[in-house]
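Here are some short exercises for getting to know a new structure. Try each task yourself before you read the solution.

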Amino acid sequence: MQNKDTEIMICRCEDITRQQVLDCIADGYRTIDEIKRVTRAGMGPCQGRTCRSLIAFELSRAYGVSMEEVLMPTFRPPTVPISLGTLADAYIEK
Amino acid sequence: MKNAYDIVIIGGGIMGCSVAFELAKNGRTDVLILEQEYLTSGATGRCGAGIRQQWGSPLNAKLAVESTHIFENIEEYTGYSGSCGLNQGGYLLVAYTEKEWAQFQKNLELQHSLGIGSFAVDLDGIKEIVPHINTEGMYGACFNAKDGHADPFHCTYAYAKGAERYGVDIATYTKVTGFVTEGGRIKAVETDKGTVQANIVINCTGGHAAQMASLVHDDLPIKPERHQILITEPVAHIMNPMVMSFHRHFYVQQTPHGSVIMGFGDPTEPVSFNIRASWQYLEENAYVVTKTLPALRELRVVRQWAGLYDMSPDRYPIINQAKAAEGFWTIAGFSGHGFMIAPRVAILVANHLAGKEDSIDINLLSTERYAKGELLVEPSVV
C-alpha cells in the first residue's frame, strides 16, 4: 500500500500532515507542546480541538505509553475566538 | 546524562541554549543543559519575540545590534535546517507625551553614534508607515527598519541542535533540586534524576534565577513579573512594523504567518510567579491597542497566555558569579528583552569562560554595580 501520511491532515487549521507529526517524533520531540511549537499544529482558530488527540495518539503509539500518560498542553482562553472590538467595548477605564 | 560534566547549564530557553552553543564552539564541549520541562517551555516560548536596536542606553544598543547581525543568518550560524522566521518589518515607537518625545531625540542621537539607522517621523510620516493608525495624541514616532521579530522556538532549537552536534547533552524533564558546594566552590547539581558533578554551573532560569541562586546563598535582586500576550486569527497582511508605546505600555505586530500578536505590560503587576492568563488583561489590551489601531477591532483573538519577565533594578541583565560558591554563574534579569540580546550575551559569557578577550567588559553587568551605585539604567522598556 502506498504511504498516504503526506496526505492525511492532522491539524486542519494549520495544514499539518501526519507525516510532519511523525517527522517531529523521529526528530526527538516528545510532547504535544513541542510539536505545537515547531509545526504550529493546534495554534489555529480551533486551538487544537481535533489535532490534540490525534497527536496524542501518535505519541502514545511511538513511545509505547497509554493515551492517559501523554502530557496535555495547557488549554488556553478564550474558549471561542472573540473580536478585539467586543473585548475593547467591555473594558471599563480605571 | 552522565554523572559529571565540565559545565552544567540550568534552563533550556534561548539563554541556556545559546550559551551552550557558544561554549561548545569555543571548545568547551563537555556541557549539559538541564531543563525542567521541554526546551522553550519557560519565558522564551512565551515571549513577544521582538528584536529591536532602538535602545536608550549604549550597552543595550550594542548588544542588540550585534545580536541582530546573528539573527540575520542564525540558520547558517548554527547549522539549522529549519527557518528561524526573522522578519525585519521595523519598529515604530510612538511618543504620547512631550517628555517621551524628548527622550526619543536623545535615544536617536545615541543610536546614530552607534551606526543605527533609526529616524524620527511626524504624524504624516507615521501614516505612511502604518496607514490605518490613529495618530490622535501622538507627538511623533521613531522608526528603524532593521528591527523586527523572529521565531523564539526555532531560534532556541537552532542553538540547541547546534550545541548537540558539538557534543553537548540536553536533559529535558529534569528538575534541579539543590547544589553541593565545598570550600566555597560549586561541586555538583542535585536533580530529580540524580546528582551531576560540575566545575561550573550557569543559572539561566529567568524569573526563577534568584530562587535558584539562593540555594547557594547568593542574593540577587531579580524579581519575577507576569506579562501577558494575546494572538489573533491570521489575516491578510495589513501592517509591517511592530507598533510600540512605552507610555501606553503596549506593543503589537503582525507576524509573517498573518496573526497579530500583542502585549500589554500592566504597570500595577505585582511581583509573583503567577503565569495564569486573566480576562481583565484581555479587555484592557484590546481597549488600549484598538484606540491606536482601530482597524484591528474586527480581528478575533484565538489565544492568550502569560510568562515571566525577570526584572532587575536597572532593567539590565545581571551576569554574576556567586560569592559564596565560586563557579556558580547567573545570567538573568533581562527585564523583558532577553530574547533579542541573547546571541551577543552568550558570546560574552563564552568568551569570558574560555579566557578570550571581548569588546564588552563583563564586569559591568555584575551585581557590583548596585553596591557601587553605578546603575546602567535603560529608559526605554515596555
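Helices (H or I, at least four residues) and strands (E, at least two) are DSSP runs, numbered from the N terminus. The model is predicted, so local features need pLDDT of at least 70 and side-chain atom pairs count only at pLDDT 80 or more, while totals for chains, interfaces and linings use all residues. Residues are numbered from 1 along each chain as its sequence is written, chains are lettered from A and ligands numbered from 1 in the order in which they are written, and side-chain values use heavy atoms, with hydrogens and water left out.

**Exercise 1. Backbone features in loops**

Find where A:Asp15 and B:Tyr173 lie, and give the phi of each.

Solution. Start in chain A: A:Asp15 sits in the loop between β1 (9-11) and β2 (16-17). Its phi is near 55°, a positive value in a residue other than glycine. Now turn to chain B, where B:Tyr173 belongs to the loop between β8 (169-171) and β9 (176-182). Phi of B:Tyr173 is near 50°, again positive in a residue that is not glycine.

**Exercise 2. A peptide bond**

Is the peptide bond from A:Pro77 to A:Pro78 cis or trans?

Solution. Omega is near -5°, and the bond is cis. To place it, look in the loop between α3 (51-63) and β3 (82-83) of chain A, where A:Pro78 lies.

**Exercise 3. Two helix crossings**

Describe how α9 (residues 338-353) of chain B crosses α1 (residues 14-25) of chain B, then do so for α2 (residues 58-71) of chain B and α9(B).

Solution. First, the axes (lines fitted to C-alpha atoms over the stretch in contact, with angles from 0 to 180 degrees between N-to-C directions) of α1(B) and α9(B) come within 8 Å and cross at roughly 40°. The two are therefore oblique to each other; angles under 35 degrees count as roughly parallel, over 145 as roughly antiparallel, 65 to 115 as roughly perpendicular and the rest as oblique. Among the residues making this contact (heavy atoms within 4.5 Å) are B:Ile14 and B:Leu23 of α1(B) and B:Phe339 and B:Leu353 of α9(B).

Second, the axes of α2(B) and α9(B) come within 7 Å and cross at roughly 90°. These helices are therefore roughly perpendicular. Their contact includes B:Leu63 and B:Phe71 of α2(B), and B:Met340 and B:Arg344 of α9(B).

**Exercise 4. Two domains**

Which residues make up the domains of chain B, and how many of them are in contact?

Solution. Domain bounds come from an automatic or database domain assignment. Domain 1 covers 4-48 + 153-222 + 314-372, and domain 2 covers 87-146 + 223-310. Their centres, taken over C-alpha atoms, are 30 Å apart. Across the boundary, 16 residues of domain 1 of chain B touch 13 residues of domain 2 of chain B.
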